[in-house]
Amino acid sequence: MKQHCLSALLAASLALPCAAQPAQDDTPAAYTHLLPLAVSGKQSVVQLRLPQAVYLHARSPDLNDLRVFDASGAPQPFALRQPETESHISHSSLNVRIFPLRGSPADPSQVGLDVSTGSDGRLLSVRMRTEPGERSSRVSALVLDLRQGLVHEPPPLIDALRFTLPTGRQSYTGQVWLEASDDLKTWEAVGTAELSWLINSDTETLSNDRLEFTARPLRYARLTWRSGEPVEFAHISAESPSRHDAPPPVEQLLIQPTAGRLAQDLVYATPPAIVAQKLGLQFGEASVVMPAALGAYRELAPRQVGQSSRFLFEPQINATFYRIVQDGKTRVSGDITVPPLRTSQWVLRPQTPSALKPVLRLSWEPATLVFFAGGKPPYTLAFGSETAAAAARDVAQVAPGFSATELRALEQASAGALRQQSAAARRDGVEASTAGVSAQRRLMVLWGALLLGVAAVAYIVWKLIRQARHGGA
């Protein structure tokens with residue numbers, strides 16, 4: 001019994017350090033290239049548009065060999081976001097022609113209008129239909145012409161009006177109501193606003209001088225008052241929105257050719273992590289016209305044992321590439337969009353044999369790295385490993401609850417100078433890591449032996465006490 005218990009304790013103590021020993025650490029020493037990352041430290045989640053160096057030196061087509069480490073070598077959670085087109089809204093200011101309606105009806109919107117237009121369709125005059133004797137110099141409403149004299153073109157898209165007080169007036173408050181019309185007969189409510197200009201003791205003006213509404217085409221508009229004194233504004237401008245799509249940033253790489261498998265082929269070695277989106281050719285000669293196909297080789301299985309493998313050329317695009325200089329002007333072929341293709345090389349096959357060796361221009365949109373800066377700065381971006389497994393997470397696991405707008409607004413980390421680790425340095429780093437693990441194992445063995453001794457002594461004491469009790473009985 002005693003021998004059995006001691007054996008069990010010994011086995012448990014020896015298994016303890018083995019269970020506590022972690023797998024081989026994933027440290028910066030395991031990667032060929034390192035980029036220091038500078039962050040302000042004010043934000044927990046930051047982003048970095050992957051530099052070209054990452055794509056040139058990564059060993060994995062899917063960027064599986066990408067890591068972010070803190071100063072102590074602890075990996076930080078990160079995600080990769082594909083670039084997306086960003087839309088920006090800008091506004092242009094359009095002058096508005098103002099036609100005051102004078103009179104004192106109870107409701108100006110219920111009164112008919114006498115309208116006079118020019119040959120080009122512009123409003124010349126607008127007045128309310130009133131009974132004789134009801135004429136007044138008092139302004140009760142404003143009619144606005146927003147066509148800008150463009151009779152045969154659609155009316156502009158408007159999403160706001162901005163008002164300027166009459167000369168000599170510094171303060172004002174009033175609630176206005178805006179209606180729209182295409183024919184000055186039928187009106188549709190558009191929006192309302194509380195306009196105000198207030199002057200404080202320091203003669204500073206606080207103003208709310210805009211009426212905003214959902215963007216829509218406006219040909220004519222009518223402004224009436226729900227409260228406050230109707231006034232003839234000195235100037236009214238309309239704000240016309242326009243949307244501009246900003247394409248994602250693009251990286252370019254120029255690649256020199258080497259000889260292909262056939263005499264007329266040219267091969268361009270491509271880093272595996274780059275998935276080209278556009279391709280083009282650059283010629284050094286004065287004038288060149290080259291109809292050609294761009295594609296890749298695909299290896300075929302040998303037809304019989306002992307026969308060497310064959311390679312099939314699979315074209316992706318057929319185009320005419322050129323550089324023509326004529327009359328002092330240079331015409332060059334632009335880049336061509338290509339279908340996504342993961343390949344280690346692109347192959348150029350001209351329709352007719354040529355001694356020219358153009359440079360391949362390869363373009364792609366780099367991904368954005370989003371990482372949680374929860375460790376000890378500074379941080380390091382490591383890449384370049386044949387065996388690293390994928391470590392990128394879903395962005396919701398790195399920045400949970402962040403909207404697309406918030407992700408785009410994240411602080412931008414900046415990358416420092418690229419550092420390449422020699423094989424010797426990487427080996428030393430791995431050996432240092434292994435030495436640390438070995439030291440940890442030795443420490444755990446010592447603790448295990450100590451625990452075993454304590455357990456053995458406790459067992460002997462327990463045995464002696466038990467024997468003494470039975471002897472006394």
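In the predicted model, Leu 294 has Leu 348 of strand β25 as its bridge partner. This contact belongs to the pairing of strand β21, residues 288-300, with β25, in which four bridges join the two antiparallel strands. Strand β25 spans residues 345-350 and also pairs with strand β19, residues 266-269, again in the antiparallel sense and over four bridges. Within that second pairing, Leu 266 is matched with Leu 348 in β25. Leu 348 is thus a bridge partner of both Leu 266 and Leu 294, and β25 is paired with β19 as well as with β21.

A further set of antiparallel pairings involves strands β11, β12 and β13. Strand β11 (residues 172-181) and strand β12 (residues 188-199) are connected by nine bridges in the antiparallel sense, and Gly 174 has Leu 195 in β12 as its bridge partner. The hairpin formed by β11 and β12 has six residues between the strands, and in this hairpin Leu 184 adopts a positive phi near 65 degrees. Strand β12 pairs in addition with strand β13 (residues 205-208), antiparallel and over four bridges; here Leu 198 stands opposite Leu 206 in β13.

These strands are part of a protein that contains 31 strands and five helices. Of contacts between residues at least 6 apart in sequence, 79% link residues at least 24 apart. Buried residues make up 35% of the 473 residues of the protein. The accessible surface amounts to about 27000 Å², and carbon and sulfur atoms contribute 53% of this area.

Turning to the pockets, the largest has a volume of about 340 Å³. It is lined by 18 residues, of which Gln 82, Ala 273, Val 275, Arg 342 and Glu 365 are the closest to its centre. The lining of this largest pocket comprises 13 nonpolar residues, together with two polar and three charged ones. The second largest pocket encloses about 270 Å³ of space. Among its 15 lining residues, those closest to the centre are Gln 47, Glu 84, Glu 86, Pro 249 and Thr 368. By class, the lining of the second largest pocket divides into six nonpolar, four polar and five charged residues.

Definitions and conventions
Residues are numbered from 1 along each chain as its sequence is written. This is a predicted model: local features need pLDDT of at least 70, side-chain atom pairs count only at pLDDT 80 or more; totals for chains, interfaces and linings use all residues. Side-chain values use heavy atoms; hydrogens and water are left out. On a 1 Å grid over the protein atoms alone, a cavity is a set of points where a 1.4 Å probe fits but cannot get out, and a pocket is an open set with protein on both sides within 12 Å along at least five of seven lines; lining residues have an atom within 4 Å of a point. Grid points are joined across faces, edges and corners, and a volume is the space filled by probe spheres set on the points. Ala, Val, Leu, Ile, Met, Phe, Trp, Tyr, Cys and Pro count as nonpolar, Asp, Glu, Lys and Arg as charged, and the others, Gly among them, as polar. Buried means under 20% relative accessible area, exposed over 50%, partly exposed in between (1.4 Å probe, protein chains only). Contact means heavy atoms within 4.5 Å. Accessible areas come from the Shrake-Rupley method with a 1.4 Å probe; for residues, only the protein chains shown count as cover. Two strands pair if DSSP finds at least two bridges between them.
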